[in-house]
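This note is addressed to a colleague who is meeting the structure for the first time. Please read it with the sequence and the model at hand.

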Amino acid sequence: MEKILIKSLQRVVILGEKGRGVPVLLTEDMQISVQAFIDLRLEPDFPEENEYLFPALHAEDGHHRAHLVLRKMANACGASDPSSLTSTRLRKHVGTLMTLLNLRDHELDAVADFMGADFMGHDIRVHRQCYRLSSDTMQLDKVSKILLNMEL
């Protein structure tokens, strides 16, 4: 499985807050889309001096802010509660899902290393303490997966 993932994913590092590098995994479809977007930069509306992948048009050094784009898309998609679609809630959701995966400490450390020092917006120790699910939730998750797989 790892060999397939290595062939189908590309890891790039983008500039994040405070000048830190942020790793991003791109699927093959994403890679094609990013390349198409890079090709569009040759259009005259894109300022040549702007180094951002998603530049704000007609701005030499501006770029689109992800949280504003997310808010706009949350409102446009027809979600029943668009205010709940935030990057903070996404980080918490990923933390909860990682708990459901019941990652071993070394696997969680690998994810934390990939995500950066301030894993999911906080220290890895906080994740280990706060995102542990109750035994009822874990049993429901694990047993339901087993039973559903038995149906297949």
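The numbered points below go from the overall fold to individual elements and residues.

1. Nature of the model and overall fold. The reader should bear in mind that this is a predicted model. The chain contains 7 helices and 2 strands. Their order along the sequence is α-β-β-α-α-α-α-α-α, with both strands following the helix that opens the pattern.

2. Burial and contacts across the chain. Of the 152 residues in the chain, 15% are buried. When contacts between residues at least 6 apart in sequence are considered, 25% of them join residues at least 24 apart.

3. The strand pair. Strand E1 covers residues 10-15 and strand E2 covers residues 21-26. The two run antiparallel and are joined by 6 bridges. Two pairings help to locate the register: Val-12 has Val-24 in E2 as its bridge partner, and Ile-14 stands opposite Val-22, also in E2.

4. The turn between the strands. E1 and E2 form a hairpin, with 5 residues lying between them. Within this turn, Lys-18 adopts a positive phi of about 55 degrees.

5. Gln-10 in strand E1. Is this residue, which belongs to E1, buried or exposed? The class is an intermediate one: Gln-10 is partly exposed, because its relative accessible area is 36%, and that value falls between the limits of 20% for buried and 50% for exposed. Beyond its neighbours within four places in sequence, Gln-10 is in contact with Val-24, Leu-25, Leu-26 and Gln-31. The C-alpha atom of Gln-10 is also 7.8 Å from that of Glu-28, a residue 18 places away along the chain.

6. The second largest pocket. Which residues line the second largest pocket? They are Leu-5, Leu-9, Leu-25, Ala-110, Val-111 and Phe-114. The volume of this pocket is about 220 Å³. Its lining comprises 6 nonpolar residues, with no polar and no charged ones. Helix H5, residues 105-115, makes the greatest contribution to the lining, giving 3 residues. Leu-25, one of the lining residues, also appears among the contacts of Gln-10.

7. Helix H4. This helix spans residues 87-100 and has 14 residues. The distance from its first C-alpha to its last is 20 Å, close to the 20 Å expected at 1.5 Å a residue. Gly-95, Met-98, Thr-99 and Leu-100 are buried in H4. Just after the helix, Asn-102 has a positive phi of about 55 degrees.

8. Points to check on the model. The reader may wish to begin with the hairpin formed by E1 and E2, then turn to the pocket lining to which H5 gives the most, and finish at Asn-102, just after H4.

Notes: Residues numbered from 1 in each chain as written. Predicted model: local features only at pLDDT ≥ 70, side-chain atom pairs only at ≥ 80, totals over all residues. Heavy atoms only, no water. Pairing = 2+ DSSP bridges. Helix = DSSP H or I, 4+ residues; strand = E, 2+ residues; numbered from the N terminus. 1 Å grid on protein atoms, 1.4 Å probe; cavity = no way out; pocket = protein on both sides within 12 Å on 5 of 7 lines; lining within 4 Å. Points joined across faces, edges and corners; volume = space filled by probe spheres on them. Nonpolar A, V, L, I, M, F, W, Y, C, P; charged D, E, K, R; others polar. Expected span 1.5 Å × (residues − 1). Buried < 20%, exposed > 50% of the residue type's maximum accessible area, 1.4 Å probe, protein only. Contact = heavy atoms within 4.5 Å.
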